Amino acid sequence: MAPAVRVVAILLLEFVATCVQKDISGIDPKFSAPVSNVTVPVGREGVMTCTVQDLHKYKVAWLRVDTQTILTIDTLVITKSERVSVTHTEQRIWQLRIKDIKESDKGWYMCQINTDPMKSQMGYLNVVVPPDILDHQTSQDMTVPEGSNVTLSCVATGVPEPTIVWKRIGNEGTLSIVEQAGTGSPDGSVLNILNIQRHQAGEYHCVASNGVRPSMSKRIMVTVDFVPIVKVPSRQFTADLGQSVNLECYIEAHPDPIAYWSKAKEDVIRYPGIIEEKQFSDNSFSVRMQITIQLRKQSDFGYYKCVAKNAQGQVEELVKIQKRISKITIQDEPPTMILDEKHPNSIAAGTAVSRQNKFRELVLRVENSSASMVRPQFGLFLLMLLAMIGS
């Protein structure tokens, strides 16, 4: 017998049985509780419950309202779907069960009692879908130059429609909402970062949630390239010939820079004692370069350059090594005898000073001269003094 014919036959038999039972018992069945609306995540099992009393020989059927499809009659499953089943408890609680719920199962379902006239009530099966981020429409890892404008996009589906929040991995490794300063709103499918700086590099996460677990998250790695930064602890050293001087410089850059020491306009210094330490942290390369300069000859003094360059540019810092100057004693000219102011025509025995000390010595003599010196003598002394200074 064809399935459609079989269903019709079953329904006719049920109808006859119902009429006979009604005539014998005279009891009319009824619903004792409404069919509750149900919300089920996709992939789970959905259960619709119909509660009746005084059913006796009447039958309960489940139908899909929008398609007018009969799913079950009594304990018999009419639909061909293997996901559908029906259970009952003491002929009172009838449950329609749908395994592996699909989004297409959403809709109104009717519980019928085949009385005359037919009694029925409906319940809504709502199917919710957890968020899913569409990878091909969402931004991928990117490398951008410092100062550029960056747009991150994140597209997600789900029922109900997901809300997207942008978060970022902080210095302590924790996930926190993106600060709005210098960016677009952290809520929304698009995040705009204006004039991005090196400290804004790192892991960005778009988190999609709609109240249905689990939430979804995608990581987008943003790398910022920038011109190297070169720092030297000291720009000038003073040393003697034969000594050695340790030069240091610190470099920060991305991408990985080429770093070296050179002297003035000469080639790269390739001393065997060069120390280079390099590590990657905070989304940039840190380089420490140390070199020991042996001052064996005069040409080893002068300017040295710490140079760092990458695809974004080249930066250098100068360090000067200068030769220490020894102390020089400046001697006076040979002593010159001077006249004693008290005896203009004689030479003061044992009194001798350099030409540079003439004025100082004579002033002292004037200051120590007797207060009883008459003015003519003092005037004559001043004339002699001026004559000696001029000589």
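# A walk through cores, charges and backbone turns

Q91 sits in the loop between β7 and β8, and this loop is a handy place to start a tour of what is a predicted model. Although Q91 is not a glycine, its phi is positive, at about 60°. The residue is partly exposed, with a relative accessible area of 33%. Further along, D100 has its place in the loop between β8 and β9. D100 is not a glycine either, yet its phi is positive too, at about 50°. With 41% relative accessibility, D100 counts as partly exposed. As background, most residues other than glycine have a negative phi, and most peptide bonds are trans.

That background also applies to two peptide bonds elsewhere in the chain. A cis peptide bond connects V159 to P160, with omega at about -5°. P160 is found in the loop between β13 (156-159) and β14 (163-169). Another cis bond joins H254 and P255, and here omega is about 5°. P255 belongs to the loop between β20 and β21, a loop we will meet again below.

Let us now turn to the interior. In soluble globular proteins, nonpolar side chains tend to be buried together. Here the largest nonpolar core has 23 residues, and M48, V52, W62, L96, Y109 and L125 are those with the most contacts inside it. Which elements give two or more residues to this core? They are β2 (38-41), β3 (46-53), β4 (60-64), β7, β8, β9 and β10. You can use L125 as a viewpoint: leaving aside residues up to four places away in sequence, L125 touches V38, V40, M48, I98, I101, D105, K106, G107 and Y109. There is also a second, separate core of 21 residues, which includes V245, C249, I269 and V287.

One of the neighbours of L125, D105, brings us to the charged side chains. Side chains of opposite charge can pair when their charged atoms come close. D105 and R83 do this in a salt bridge, at 2.9 Å from N to O. The two partners come from distant parts of the chain, 22 residues apart: D105 is in the loop between β8 (93-98) and β9 (107-113), and R83 is in the loop between β6 (76-77) and β7 (84-89). Is D105 buried or exposed? D105 is buried, because its relative accessible area of 7% falls under the 20% limit.

A salt bridge between K278 and D256 has its closest N and O atoms 3.0 Å apart. K278 lies in strand β22 (residues 275-281) and D256 in the loop between β20 (244-254) and β21 (258-263), so this pair ties together parts that are 22 residues apart in sequence. The loop of D256 is where P255 was placed above. In this pair K278 is partly exposed, at 39% relative accessibility, and D256 is partly exposed as well, with a relative accessible area of 36%.

K297 and D300 form another salt bridge, with 3.3 Å between the closest N and O atoms. K297 is partly exposed, at a relative accessible area of 48%, whereas D300 is buried, at 7%. Salt bridges can also join up: D141, E203 and R219 are linked in a network of them. In total the count comes to 17 salt bridges.

Finally, look at the aromatic rings. How many aromatic pairs does a search of the whole structure find? The search finds two. In one of them, the ring centres of W108 and Y124 are 5.1 Å apart and the planes meet at 70°, so the pair is edge-to-face. W108 lies in strand β9 and Y124 in strand β10 (residues 119-133), so the pair ties together parts that are 16 residues apart in sequence. W108 is partly exposed, with a relative accessible area of 40%, and Y124 counts as partly exposed at 25%.

Rings also take part in contacts with charged side chains. R198 lies over the face of F226, at 4.1 Å from the ring centre. K263, in turn, lies over the face of Y304, at 5.5 Å from the ring centre.

How values were computed:
Residues numbered from 1 in each chain as written. Predicted model: local features only at pLDDT ≥ 70, side-chain atom pairs only at ≥ 80, totals over all residues. Heavy atoms only, no water. Salt bridge = Lys/Arg side-chain N within 4 Å of Asp/Glu carboxyl O. Helix = DSSP H or I, 4+ residues; strand = E, 2+ residues; numbered from the N terminus. Buried < 20%, exposed > 50% of the residue type's maximum accessible area, 1.4 Å probe, protein only. Phe/Tyr/Trp six-rings, centres within 6.5 Å; stacked < 30°, edge-to-face > 60°. Lys NZ or Arg CZ within 6 Å of the ring centre and 35° of its normal. Core = buried A, V, L, I, M, F, W, Y, C linked by side-chain atoms within 4.5 Å. Contact = heavy atoms within 4.5 Å.
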